[in-house]
Structure formats: structure tokens, C-alpha cells
Amino acid sequence: MKQLWRRLQWFVHRSRFERELDEEMRHHLALKAEERGSVEAANRQFGNVTLWKENSRAMWTGRFWEQVGQDIRYGLRAMTANRLFTAMAVLSLALGIGANTAIYSFMDAIMLRALPVAHPEQLVILNWRAKAGDVPVVRNHTGSSYEEPDGGKTSPDYPYPAYELLRDNNHVFSTVFGYAWAGRLNLLVDGQAELAEGQYVSGGYFAGLGIRPAAGRLIGFDDDRPGAIPVVTIAYSLWQRRFGSSPAALGKTILINGSPFLIAGVSPPEFFGVSPPSAPLVFIPVHDLGLVDSNRYNDVGTRFIDSHFYWIEMMGRLKPGVSLRRAQAALSGQFRQWVASTGQNEKERASVPALWLQEGGSGVDSLRRQYSKPLYILMTMVALILAIACANIANLLLARAAARSREMAVRLSLGAGRLRVVRQLLTESLLLSLSGGALGILVAMLGIRSLTLLLANGRDNFTLGAALDWRVLLFTMLVAIATGIVFGLAHAIQSTKVDITPALKETRAGSSRGRTRRFGLSHLLVVSQIAVSLLLAAAAGLFVRTLENLHSVDVGFNRANVLLFNVNAAQAGYKDAALRNFYTTLHRRFQAIPGVRNATMTHLPLVAGSGSGTGVTIPGLSATNRETMITSLVQIGPEFFETMQVPILLGRPIDARDREDAQVTAVVNEVFAQKYFPGVSPIGRHFGFGGTKPVDTEIVGLARNARYKSLKREIPPVVYISYLQAGKNRPLEWMYFELRTIGDPLALANTVRRVVREVDPQVPVADITTQSRTIDATIAQERTFANLCTCFAALALTMACVGLYATMAYAVTRRTSEIGIRMALGAQRRRIVWMVLREVLVLAAVGLAIGFTAVWQTTKFLQSFLFGLKPNDPLVLAAAVSILIACAILAGYAPAWRASRIDPMVALRHE
Amino acid sequence: MEARSEIPPGTLYMLILKTLARLGSMHGYGIAQHIQQTSDDVLQVEEGSLYPALQRMLIKGWVLAEWRQSENNRRARYYALTPSGRKQLIRELREFERVMAAIGRVIQPA
């Protein structure tokens, strides 16, 4: 301990130490010179001054650190001497480590991160599951449901009575609270309108989550009952943005969809609700739902008593000591009994949903459902990349060891200790790994940033902030360092085992047992690299083809030069006729904008992932199965077919004749006509919406098929109906406008905003984009995959080529004299090239054979991500194989060419 | 060159410690001189090992160093024993005697 202290002090006063040592030496020499009578004699006898100073210094630093310093210096010098080698090794490691860290950090953020609430591990999400097919007790459902792989259905939404039952009668939860998504609401603060996401919350929501307010108070039980004064809790970001974090905001009134609400308090900055991708800005008591939603639902009154209307989600907090399993057991019976009592007959009771509890610590799992599978695929890919990178490091180290065996022999013969040489080589491999890791941090940070952009896909309220995960980084770095150590050690030990004499002479006979084995190892590494590269190349090919196929899908209308945006006047208080008139006025104003060719509107954007379906009644066609008698629907404005350029094949488009009070008319697409009126002209025929509604709609036109909801799905039967006439069946709410422009559509964005503001400043314009961007956004995941995979595959190929090149270059070096003899005996240069290339091709063939088997076995897991091709698409596989063979030849040609240029005289004299 | 013997390995510390015990405090040159003279020029201390050894002893805490004016008015670094250096000397002497006695028994004519 004391010694350490003295050493530390020495370190601090290093320079004084040097000075003192110098002075001491001068003193010694002076005395000696006096004794000898001459300075020269003294100097001569004194010997190597530097050495003894160095030795004195080494006493303090310890020989170990002194040598570590030396090793590092030498290692750095060696790294700069072999720039290509260093760059290759460091870059492949950096990319391997960086890509892994980025993807795994996302994985962590999506899969594992806990909600910023008190004791998130106690939270439980209450879901239900139903078997495949219809669930007749669910008559009405708003919220979400997911298809399970077995065809069953999962949903988190319940009828309000079920929520009350489970909230009030259970012994496993300390609290149960409910919530429901309120959608985007029109928020009017100080006369300024904006759209904000909202969430309905029960009185126990904030208390149940254990959230403390940032200001004021949060919604409590007293706020969530009929007749209470309407209050809201606003999100911290809204408070900051619109009120400058002023306490004066509390008690202020804001209008939500036209209804006044008092601001009671502000939620803390880190809180974003329970569903990670979204971040509600206002939290509204569940019982005030009617104030906000009156326009859309005429059922507000019955919502809280209807046992067949599934809409509220719930979470429970486990009592201490209660396990998820026990809670599941305790509640499922209770729920089964209740839900069975809502069935009206045996058939309905046979397929009721069953309660299914899930851990809720990381929030509602919509995000996980959306991204987990793509992330697993990406994770597999980056893991493979890391494997290739490590194999590459190993290979490069092995090849370099061969090149340096002479250097090692020289060092050993000059008396370097074997351990010392091993340590030095190890230092070099570690230096490589560490610089790779350091650069990897940079790659990881860039990767995380670009992945966030990719996943957010243009959404500005994307709250999934993945941060660099240091544990993951540490892990990947450890893998890299371990590779450096293992292969560095292997190479170091083998290098120092060389039989010095032959190595110095560099004869053919120098291939000792160790060398042959090393040769085999590097071949093995190259073969596996080629196999893995093929796997990645094939995956990339599949995703690129998928993207190509999606791009070449004929949408059935002209997607170019269309400005698309959303206006919701219903939330600003417009209803029925006033609402229709508002949209009609807007449409007329838009048409008058200079630069607009035509304008139309639809109640949903085309090919944007959203759809609206309804049942149909066709006279003479009976429903064999409820599923088959449905159609998709678009409410359209004037000039829809002209603006979108959807050709009318028969009859006429919807036009000015189709007013509110006129005969209800519709244009149908070809799929609809073929399905419901096979073999006959649909024009003049009648059908009805829904199962029980009258057959009052006349088909006046047949439109060519156009994509409706997505590029991938088959085109469904579609009915186009005027927004003026649709009100009888479906209440009108928001409207999307499509403006076909002469120039760049987005250049008109501000004009459009101004026009809407002029008509009514309380109605905001939202989601301004273009039709082609909207379509592109639906295939963002495919594009991300195609881009990432192409990058990964290119990376893998490059690394495999480097590995192959290193192996062959080494083989050629090793065989220099053999090749020299061959050439001296008359071998043609061409034959020499072929000899080397043949070896390359054999390696490639083995790698490809293994890789091909792997591809054949694994691509089926990608099935659900592909479009328009089979997982084992022959074209893609053939392309991947040819690219790999081409790369192998390319990588092998340089060494082969070099081999053929060997001068026999030089090669033979080399011995 | 006169014939000089190398200092037996491991005994340099002991010689330095003993010299300092005898002289009180001394600079490096003086220590080397003293060892040479008292051994009748048989033992010659190499500067290359003397100074590293002194540094080592500083780390171990057996000696202390201090700059002083020497008798002929030069600034010199003087080394002096510490209590722990004194203990070390006793240890080394005992060990040395033990080894010498053992060697003596081996080479004694039978």
C-alpha cells in the first residue's frame, strides 16, 4: 500500500525524478573523473547511461507497464504500417459492433423497457382471447384486435359492465383502472386550434399507475362520474408549448371538440401514457366521453351499460405476493361466467372470449406486435454480420501471422522471450479490437438515429427514444475482444513455435505441423463466411424484389401530383347539413386555387392502410356466410373519378345529379360487379347497405379496379358513394381532400391552410402530404428492410471477399518457391492463375453449397414479409449465387495474378 | 584491467544496506567506493546495477534519499537507512549466513 503510494508520487513528479537522476549521474561521473583523471575514461567505464536510467525508471513503473507501453507503441506502429489490413479489420469490427448495438438497443427499448411509473412490474394488462371465427357476443367493438398465428383473436377492449365487475370484485388486484384511446381531438387554446391525441382515463388511472402531477392535480375518482365538472389533465409538453409552463394555465378553460374543459393539472414530463408509441396530450375522464365524441357515436348513453359494446381497456396492479398466474386463475372463472351470461343462445355462448392476463410493466403491446418480428429478423442479420466480422478478424490475423513468421523468428533468435513475443502480438490484436469497438460506438449512435427515423416513418409524436445501450455495447465489444484474444493467441503461439532456422531461411520445408492446421482453419473461416454471405445476399434479394414488386403495383389511379390533407370540421362543432355545406364550400374554394387542376375529397385516404367496410344486401343473393356479404366503401366528393383518374368502364360517374334528396346512387368496382352480379351488367341494379337496411341504392357506374387499402392485399369489392348521400348510412365526420396540381403539390400547402383559415379559423388542417408519399409510407417497412438488407449483404460480401483475399494471398506467399519451380519447369502463367483460382472456386463452391442449404431451410421464415414472390424465388437465389461467385473470383484473381507474375529466378533464389 | 569479481547475485542489496549502516548516510559514488575499498578491490559495483538497486530500495522504503552538500562542496543525493531498512539488513545477513554455511558444508573436504 505504501509502495503504491510512493509509486504514485513518483508518477506525479516524473520530470523531477528525471532531473534528479541526471544530476546524480553527473555527480557520480565528476567524482569518477577526478579519481581517473580523465572524463573519457570515466565515461567509458560508466557504460550505457541510457540503459541504467531506463532500468532505474523501470524500478518505479514496474517492468510490466513499461513493456505494455512499448507493446502499444509498437502495435500502433504496426497498425499504421499495414493500413489496408488495419482499415479492413477495424472497419468490419466497427460495423459489426455498431449494427448489433443499434438493433439490440431498439430491441431493449421496445421489448423490455419499463413504463416510467411506480412499480411497473406489478402492472397487468387484461386481454381476452377468442377462438377462430366470429365472436357473436361482441356486437360492437372500437379499439384494437390482433389475429393470432392460430387464427384466433386477441383484444384488450371490454364492455364497461365487465370493467366494473372486475374492478369491484377481485381479491388479486389492489386497483383496476380503465382507459380508451380518444383519437385525435380538436384542441382550442386561446382561440388557436390544433389537433392533439387524447386518452380517456378512469378516475383510478393516475392513482393506479402511481403518477404524481407536475402541477395542479391529476384526474381522480371525483372527476370521473356523470355530472362532474369536466376537467382534463394535460401533458407536460402541451403545458410547456402552449402555456410556457405557467401555473396560470391551471383552472383555464380549453375547448376539446367544442366542449369546454377546465385544466386541472399537468402530468409529469416523462409520462407518456401506457402505450409507448403514442403520447396523448390530453387525458379526459371516461365519463366525459359524450362531450368529446357526441358526433360520432349516438350511443354515448348506452355505452356504460351495453354488455355487447367492447371499448374500454384495463390494467390492474397486483397485490403484493400475488402472481400473474394466480390472478389469471382467480379472474378467468369470474369473467367466463359474466360473458356467458351475455350470450343469447347456446351458439353464442360456445364462442365467448376468455380472459388472458399479460405483464403490463412495459405498457400496451401494440408496438411490440408491430415491430418485434422485423426486429428479430434484423437481429439475426446483424448477429450474422458480427460473426462474419469476427471471422474476418481471425482470418486477417492468421494471414498476417504467416507473413510475419520471419519477423518472429528474427525476434526469437535475437533472444526475445516467447512470452514476451506472445504478449506483444496479443497487444496488437487487442488494439485492433478496441479501435474497432470505439468506432463501433460511433456507428451505433448513427445507426440508432437513422433507425429511429426509419421506424417513426414521418410520425412527429414518435416517443420511442432508444438510447445507446451500454450493456449491449459492452457485450458486443467483449465478443470482438474475445475474438481478438482467441485468434491473436492462437496466432501468437503458433508464430512463436516456429522452428527458427527454416523460418529464417524461408524454405518450403518450413511448413510445420502447426502451419498446415492453420491453413485449414482459415479455409474453414472463409467457407463459413461465404455461406453466411449467401444467406444475407439471398435475404436482401428477396426484400429488394418485394420492394420492386410493390413499386410496380398498378394502383389503378394516377398517384402523381396529388396534394392530400385532412380537415375535421365535426370536431369544431359542425353537424349534419352544416358539416356537409362546410366541406362543399371548402371544395369550391380549393378548386379556385391557381395551380389546382381538379379537386375532390374522400372520407379516407386511398392506399393509406385505412378502410371502412359494411355489409351488403343483394336481392336474390342470400348470405351463406356473413364474411362474404361485405364491401369496402369510400365516400367521395365531386369530380372524384376525374381527379384521381380512375376510368369509368360502364355507365356514369357520381356527379351533381346525386344530391342529398335524390335517389341514392353508387359506382362499384369490377371486383364488386363480378362478385355480386356475375355475368351481367351491374348498371341499374340495386343493393342495400347492411343486413337489414332497405335495398335502396342504385348502381349507376362501373369503375376500373383501383387499390383501396393497401398495395399488398387483394383489391376488395368497393362501393363509391357521394358524401352527400352517405349520411343516411354512415355519419360524416372528417374529410380528406385530394388536389391534383400542375406543379409540386406541396408548394400549395400554405395556400390550403390560408383558405381553410379564411373559412373557419377554428378548423385546423392536418396531415398535409402527397398521395404518392402516403402510398410510400405504407411500404416503409419493406423499404427499410430492402435498404438495410442490401447494406448488410454488401457488408457481408465485402468482408467475405477480404477474408478470401487474405487467405489466398497468404497461400500464394507460402507457395512462392513452389510456383517458381513450376514456372522454371515450363508452367504457363495461365495455368498458374487457374491453379490459384481453382482453389478459390473450390472454397466458394463448398461455401455456397452450405449456404444454399441454409437459405433453403430459413427463407420460409421471411414469407410474411414478401410480396409477389416465393421465399425460394429461383431468380433471387440464382442472382445471389452468381454475385457471390463473381465476388469470389474477383477476390481470388489478385493473388492469382500475383502468383503468375512470380519471377522464377527471384523465387528460387529466395531460398 | 585488474581482475575483479562480480558481486554474487542477490547480495547487492545486503552490501548497500551494510555500507549505509556503517557510514550513516552516503551518496551513490561513495557507496560504490566503500564496497570496492573494503573488499580490497575484489568487489566492483556496476553503476548500471547500483542506481536501479537504490531506486528499488527507495520504493521498498528501506532507504531515504536527501540532497545535501558533499564534503567537496558538490550537491549530491545522500542515502540513509530507515528502521525497516535496518530490519531488512538483519534478515538478509541471517539468510546469507545460512546459505554460506550450507555451501561451506557442501564444499568441505570429506
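Read along its sequence, chain B of this predicted model follows the pattern α-β-α-α-β-β-α. That chain has 4 helices and 3 strands. Of the 110 residues in chain B, 29% are buried. Among contacts in chain B between residues at least 6 apart in sequence, 52% join residues at least 24 apart.

**Where the chains touch**

Chain A gives 20 residues to the contact between the two chains, and chain B gives 15 residues. On chain A, helix H1 (2-12), helix H2 (14-36) and helix H4 (49-61) each supply at least two residues of the side that touches chain B. The largest share of that side, 7 residues, comes from H2(A). By class, the side of chain A that touches chain B divides as follows.

| Class on the chain A side | Count |
|---|---|
| nonpolar | 7 residues |
| polar | 7 residues |
| charged | 6 residues |

**Helix H2 of chain A**

What distance should H2(A) span, given its 23 residues? At 1.5 Å a residue the expected value is 33 Å, and the end C-alpha atoms of H2(A) are 33 Å apart, so the two agree. The buried residues of H2(A) are A:Glu24, A:His28, A:Leu31 and A:Lys32. An α-helix has 3.6 residues a turn, so residues three or four places apart point the same way. Just after H2(A), A:Gly37 takes a positive phi of about 85°.

**The nonpolar cores**

In soluble globular proteins, nonpolar side chains tend to be buried together. The largest nonpolar core in this model has 158 residues, of which A:Ile385, A:Tyr720 and A:Ala796 touch the most other members. Helix H26 (residues 780-814) of chain A provides the largest share of this core, 21 residues. Why does the core lie between two domains of chain A? Domain 3 (368-551 + 780-909) and domain 4 (562-776) both give residues to the core, so it lies between them.

Not counting residues up to four places away in sequence, A:Tyr720 touches A:Val634, A:Ile636, A:Phe640, A:Ile654, A:Ala666, A:Val667 and A:Ala703. A second core, separate from the largest one, has 73 residues; A:Ala182, A:Val286, A:Leu318 and A:Leu357 are among them.

Conventions:
Residues numbered from 1 in each chain as written. Chains lettered and ligands numbered in written order. Predicted model: local features only at pLDDT ≥ 70, side-chain atom pairs only at ≥ 80, totals over all residues. Contact = placed C-beta atoms within 7 Å. Nonpolar A, V, L, I, M, F, W, Y, C, P; charged D, E, K, R; others polar. Core = buried A, V, L, I, M, F, W, Y, C linked by C-beta atoms within 7 Å. Buried ≥ 20, exposed ≤ 12 C-beta atoms within 10 Å, placed from the backbone. Domains from an automatic or database assignment. Expected span 1.5 Å × (residues − 1).
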